[in-house]
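This report describes a predicted protein model, from its overall make-up to selected strands, helices and residues.

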Amino acid sequence: MSERPLNRALVGLLSLALTAPMAPMPVMAQEGRAIDPDKPSDGVVSPAACRVFGFDLPEDRGAATYAARGGGVPMYAPVPPPPPPPALAPSPQPVILPSTGLNEVVVTGSRVTQDASGYVSNVPALSNSRVPGVPATPDTERYPDATPNPVRRVADEPVSTFSIDVDTASYANVRRFIDEGRAPTPDAVRVEELINYFDYGYSRPTSATQPFAITTAVTASPWGPGRQIVHVALQGYELPEAERRPLNLTFLVDVSGSMGSPDKLALAQKSMNLIIDRLRPQDTAAVTFYAEGAGTRLAPTPGDRKLKLRCAVASLYASGGTAGATGMTNAYDQAQTNFARDRVNRILMFTDGDFNVGVTDDLRLEDYVAAKRETGIYLSVYGFGRGNYQDSRMQTIAQAGNGTAAYVDDLNEARRLFGPAFDRGAFPIADDVKIQVEFNPARVSEYRLIGYETRLLNEADFNNDRVDAGEVGSGASVTALYEITPVGGPSQMGERRYPENRNSLGVGGGDPNGEVGFVQVRYKLPGERDSRLMQRVVANAGGGGVPDRPLESTRWAIAVAAFGQKLRGDPWLGDGFDWDAVLEQAQGARGEDPYGERAEFVQMVRAAQALPARAVP
């Protein structure tokens, strides 16, 4: 072959190579290595890195909205850019519904108005119209009715029964109100959730088969002369790493338009990344979402493919209505695809709770979630935002789903919930945990349970294993306080006319062991259908006297309980127990405070003391 034909052949091959489509170059991970989408990886989320996994980030996609969808199909509908306006065209006006006034627009299903400054203002009032970086929203927040528990006469009702509550949503939400310079609505204050926010250093159990250690104490009531506080606490067993089952997690993310502010979806995405940090190779996570409809951004994926998980989370953006029920059914479908009895199967829902498309009735949602609970898939709810925060719905769903309910008001709270404390919600040690306290009529004439208004059970529910109750996770604790009136003490009820209706034991004191009450705890080990029983006497030996200075854990719990009762205007808190008294009680019980949580609480008491009275409903 001559040199010229050979050169022509080489030129032809080179031309074909140049005109052929180029194979994509591998994207480099943070450490400088190429990303293999089929192998474990982590690194910095970027448009280039996420395209390897098939995800476009919102800033790369341009204007887009979620199309109505179902069946778990991820669909995005790009919004075409509008044509350029004609010269001197008037500014576009909002669409006006027939039932609204000319100065009204509709935002997330609620009617609001715009003022001259460009802020949206509520009718009649806004909760956050001047929060920097947060779009104004109407104040449509909803909370479950939580009228303070009444005083009960032991002669009539000697037994108190309730489901445990390890939720902390109320504490973070109350903090948010106070940080905004507003007094929280009374129903937003659940005293037991304020108390259970803190670690009390209780004695720990040593066996997973008997997962609780019971602590009790009796001390004088600081706000009720002549009355006493009974402190009952459970400390849960902390599972060693080897005993923590693999996680089958499904993120269920509200991406409706109401989630578009920095304190909502953006904070939820940071929260999910904190969870991804903690995932092990044997764990899996899926990413689902809902707006007008529902979709799946990422099917169940091993926990060591962290960059892929992070990209799926980063690709979410807020737009459209809120079909929460549709999102829930899709999330349960995804959880079921990877379901296993030897796993912890749990949906983690991130939302402001504001459903406005499809099924929005709380009772129907509760029934659906409760039925799914029986399959072994639990649901926890994490709330975000302000103005339209639907706490009542989220409490209902979480309780029905055997999960926890928490509120994330800032990144520090996200770090607390999704750092090491995440294990308390992720790895269950006991289901359907109920507490029952029977008071001794020889020593106690009256009692009231402080908090737990939304968790009360009938006496017969205690022994009925078909009655649902709360779940406790690894290392979690539960604290409950009762205020009691000793027999012969200052009664909070008037004397009855007929002797047969009065306490027949007179001044009491007939129990030489000082037995005040009897505590029983029922629980089911995970996966079991029959409950187990623990029992403990609440004793105050020594003829009824109480210690002048109880343990620090009791003093701190009392301080937090006083704060909560004061915030919600509890009628049973003594008139003389003012904010200074709450502050003094807290200052005297701070003890060791390695994370500064008790110091923060003290500052919150100071701030609450200066709050103006609520000016609007």
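How many helices and strands does the secondary structure of the protein comprise? It comes to 15 helices and 21 strands, where helices (H or I, at least four residues) and strands (E, at least two) are DSSP runs numbered from the N terminus. Residues are numbered from 1 along each chain as its sequence is written. Because the model is predicted, local features need pLDDT of at least 70 and side-chain atom pairs count only at pLDDT 80 or more, while totals for chains, interfaces and linings use all residues; side-chain values use heavy atoms, with hydrogens and water left out.

Of the 617 residues of the protein, 53% count as buried, a term that denotes under 20% relative accessible area, with exposed over 50% and partly exposed in between (1.4 Å probe, protein chains only). Among contacts (heavy atoms within 4.5 Å) between residues at least 6 apart in sequence, 77% join residues at least 24 apart.

**The mixed sheet**

An open sheet of 6 strands follows the order β12-β11-β10-β13-β14-β15, and its pairing is mixed; two strands pair if DSSP finds at least two bridges between them. The edge strands are β12 and β15 (405-407), each of which pairs on one side only. From one strand to the next, the twist averages 15 degrees. Helix α8 (residues 324-337) packs on this sheet, touching β10, β11, β12, β13 and β14 (378-383), and its direction makes about 25 degrees with that of β12. Axes are lines fitted to C-alpha atoms, for helices over the stretch in contact, and angles run from 0 to 180 degrees between N-to-C directions.

Why is strand β11 described as largely enclosed by the rest of the structure? The reason is that 7 of the 7 residues of β11 (residues 284-290) are buried. Both of its faces are covered: Thr 284, Ala 286, Thr 288 and Tyr 290 are buried on one side, and Ala 285, Val 287 and Phe 289 on the other. In a regular strand the side chains alternate between the two faces of the sheet.

The pairings of β11 are tabulated below, together with one pairing from the second sheet.

| Strand pair | Bridges | Direction |
|---|---|---|
| β10 (residues 247-254) and β11 | 7 bridges | parallel |
| β11 and β12 (residues 294-302) | 6 bridges | antiparallel |
| β6 and β17 (residues 444-450) | 2 bridges | antiparallel |

Between β10 and β11, the bridge partner of Thr 250 is Ala 286, and that of Leu 252 is Thr 288. On the β12 side, Ala 285 has Thr 301 as its bridge partner. A hairpin joins β11 to β12 through 3 residues.

Phe 350 is found in strand β13 (residues 344-351). Its relative accessible area is 0%, so Phe 350 is buried. Leaving aside neighbours within four places in sequence, the residues in contact with Phe 350 include Phe 251, Leu 252, Val 253, Met 272, Ile 275, Phe 384 and Phe 418. The C-alpha atoms of Phe 350 and Val 408 are separated by 9.6 Å, although these residues are 58 residues apart along the chain.

**The antiparallel sheet**

An open sheet of 5 strands has the order β6-β17-β19-β9-β8, with antiparallel pairing. Strands β6 (152-153) and β8 (212-220) stand at the edges, each with a single partner strand, so one side of each is left without a neighbour in the sheet. Where β6 meets β17, the bridge partner of Arg 153 is Glu 446. Helix α13 (residues 552-567) lies across β8, β9 (228-236), β17 and β19 (477-486), running at about 80 degrees to β19.

**A buried charged residue and a helix pair**

Asp 391 lies in helix α10 (residues 391-400) and counts as buried at 1% relative accessibility. Asp 391 and Arg 142 are 249 residues apart in sequence, yet 5.7 Å apart in space, C-alpha to C-alpha. Beyond neighbours within four places in sequence, Asp 391 is in contact with Arg 142, Tyr 143, Pro 144 and Arg 190.

Helices α14 (residues 579-587) and α15 (residues 597-609) pack at an angle of about 175 degrees, with their axes 10 Å apart. That angle makes α14 roughly antiparallel to α15, since angles under 35 degrees count as roughly parallel, over 145 as roughly antiparallel, 65 to 115 as roughly perpendicular and the rest as oblique. Among the residues that meet are Trp 579, Leu 583 and Ala 586 in α14, and Phe 601, Val 602 and Val 605 in α15.
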